[in-house]
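Please work through the exercises below with the sequence and the structure open beside you. Each one sets a task and then gives a solution in steps.

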Amino acid sequence: MRLILFGPPGAGKGTQASLLKERKNLAHISTGEIIRAAMKSESPLGDEARSFVTAGKLVPDTLVRKLAEDAIARHDNDDFILDGYPRTLQQAEWLDEYLADNLVRLTAVVSLKVEDFIIIDRLSKRRVNKETGENYHLDFKPPPVDVPSKLIMQRRDDLPEAIQTRLKEYRDVTLPLEEYFKSSGRLIEVDGVGSMEAVYERIVAGVAAREVA
Ligand code: AMP
């Protein structure tokens, strides 16, 4: 199966993508991860992206396009999950063009639905292990005591002002894409609130129903 995981920041796209990767053997392509790695390695592209990411803004389409297409090209023959791409109408149109040119068929676009107040709680209480990239939540999944506290950090784009900007960018620029996917019959809406397992089961059931239809 080839899926797009769609939804606001903090909807659980990354968490669900990790489960799908592990259990369904799908390649996980996250533009957010790719951009963060570019920033860490201080590549020219990472340096260009940094000010956008830390402010919670979307990185310009032209910068993201090549990153995404290169990553997809490495997995043309695999089943994959696209996590966090596309996020603008232009990116969606480029992606469709790319998939058509390369005869790659998408199974579905899974849109995870989560209300803003839950998102704000999830993002503001998220912490990350800067070595392993593992995510924690201060209440529900606190960092284990044996992980040195100097390894636990908060993403700069999880600070309150950046969260508000990311939510606004999502509402203004990304959310309208749902109509684009809906009009081409690819959208599956999934309630993203609940345990990791419950949401995972909903995704798998939704996609299975689509594959049979
Ligand atoms: P994420 O980890 O998916 O929440 O992405 C973190 C940040 O990376 C976003 O807030 C954007 O600044 C940037 N980013 C990731 N994917 C995209 C994309 N498809 N288009 C533009 N910016 C992106």
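A polar contact is here a pair of N or O atoms within 3.5 Å. The model is predicted, and every distance or angle below is computed from it.

**Exercise 1. The ligand and its surroundings**

Task: Find which residues are the closest to the ligand, and determine what share of its accessible area the protein covers.

Solution.
- Step 1. The ligand is surrounded by 16 residues, and the closest of these are Thr31, Arg36, Lys57, Gly84 and Arg87. Helix H2, residues 31-40, supplies the largest share of this shell, with 4 residues.
- Step 2. Turning to polar atoms, a backbone N or O atom of lysine 57 lies 2.6 Å from an oxygen atom of the ligand. A polar side-chain atom of arginine 155 is found 3.5 Å from a ligand oxygen atom, and an N or O atom in the side chain of arginine 166 is likewise placed 3.5 Å from an oxygen atom of the ligand.
- Step 3. Of the 480 Å² of accessible area that the ligand has on its own, the protein covers 95%.

**Exercise 2. The setting of arginine 155**

Task: Decide whether arginine 155 is buried or exposed, and list what it contacts.

Solution.
- Step 1. Arginine 155 belongs to the loop between strand S7 (152-153) and H7.
- Step 2. Buried means under 20% relative accessible area; because arginine 155 has a relative accessibility of 13%, it counts as buried.
- Step 3. The side chain of arginine 155 makes a polar contact of 3.0 Å with the side chain of aspartate 157. When neighbours within four places in sequence are left aside, arginine 155 is in contact with Arg36, Arg126, Val128 and Arg166.

**Exercise 3. Aromatic pairs around phenylalanine 6**

Task: Establish how many aromatic pairs there are, and classify the pairs that phenylalanine 6 forms with tyrosine 170 and with phenylalanine 181.

Solution.
- Step 1. Rings of Phe, Tyr and Trp pair if their centres lie within 6.5 Å, and by this rule the count comes to 3 aromatic pairs.
- Step 2. Phenylalanine 6 and tyrosine 170 are 6.1 Å apart, centre to centre, with 50° between the planes, and the pair is tilted. Phenylalanine 6 lies in strand S1 (residues 3-6) and tyrosine 170 in helix H7 (residues 160-174), so this pair ties together parts that are 164 residues apart in sequence. Both phenylalanine 6 and tyrosine 170 are buried.
- Step 3. For phenylalanine 6 and phenylalanine 181 the values are 5.8 Å centre to centre and 80° between the planes, which is an edge-to-face pair. Since phenylalanine 6 is in strand S1 and phenylalanine 181 in helix H8 (residues 177-183), the pair ties together parts that are 175 residues apart in sequence. Phenylalanine 181, like phenylalanine 6, is buried.
- Step 4. Phe6, Tyr170, Tyr180 and Phe181 form one aromatic cluster.

**Exercise 4. A cis peptide bond and glutamine 91**

Task: Locate the cis peptide bond, and then ask which residues glutamine 91 contacts.

Solution.
- Step 1. The cis peptide bond joins tyrosine 85 and proline 86, with omega at about 0°. Proline 86 is part of the loop between strand S3 (80-83) and H5.
- Step 2. Glutamine 91 sits in helix H5 (residues 89-101) and is buried, its relative accessible area being 4%.
- Step 3. Neighbours within four places in sequence being left aside, glutamine 91 contacts Asp61, Val64, Tyr85 and Pro86, and the last two of these names are also those joined by the cis bond.

**Exercise 5. Positive phi in two loops**

Task: For asparagine 25 and glutamate 42, state the sign of phi, and decide whether each residue is buried or exposed.

Solution.
- Step 1. Asparagine 25 has a positive phi of about 60° although it is not a glycine, and its place is the loop between helix H1 (13-24) and strand S2 (27-30).
- Step 2. In glutamate 42, also a residue other than glycine, phi is positive and near 55°; this residue lies in the loop between H2 and helix H3 (44-55).
- Step 3. Exposed means over 50% relative accessible area. Asparagine 25 is therefore exposed, at 66%, and glutamate 42, at 57% relative accessibility, counts as exposed too.

Methods. Residues numbered from 1 in each chain as written. Predicted model: local features only at pLDDT ≥ 70, side-chain atom pairs only at ≥ 80, totals over all residues. Heavy atoms only, no water. Phe/Tyr/Trp six-rings, centres within 6.5 Å; stacked < 30°, edge-to-face > 60°. Helix = DSSP H or I, 4+ residues; strand = E, 2+ residues; numbered from the N terminus. Buried < 20%, exposed > 50% of the residue type's maximum accessible area, 1.4 Å probe, protein only. Near = heavy atom within 4 Å. Polar contact = N/O pair within 3.5 Å; in protein donor to acceptor, adjacent residues only side chain to side chain. Areas by Shrake-Rupley, 256 points an atom, 1.4 Å probe, with all protein chains shown as cover. Contact = heavy atoms within 4.5 Å.
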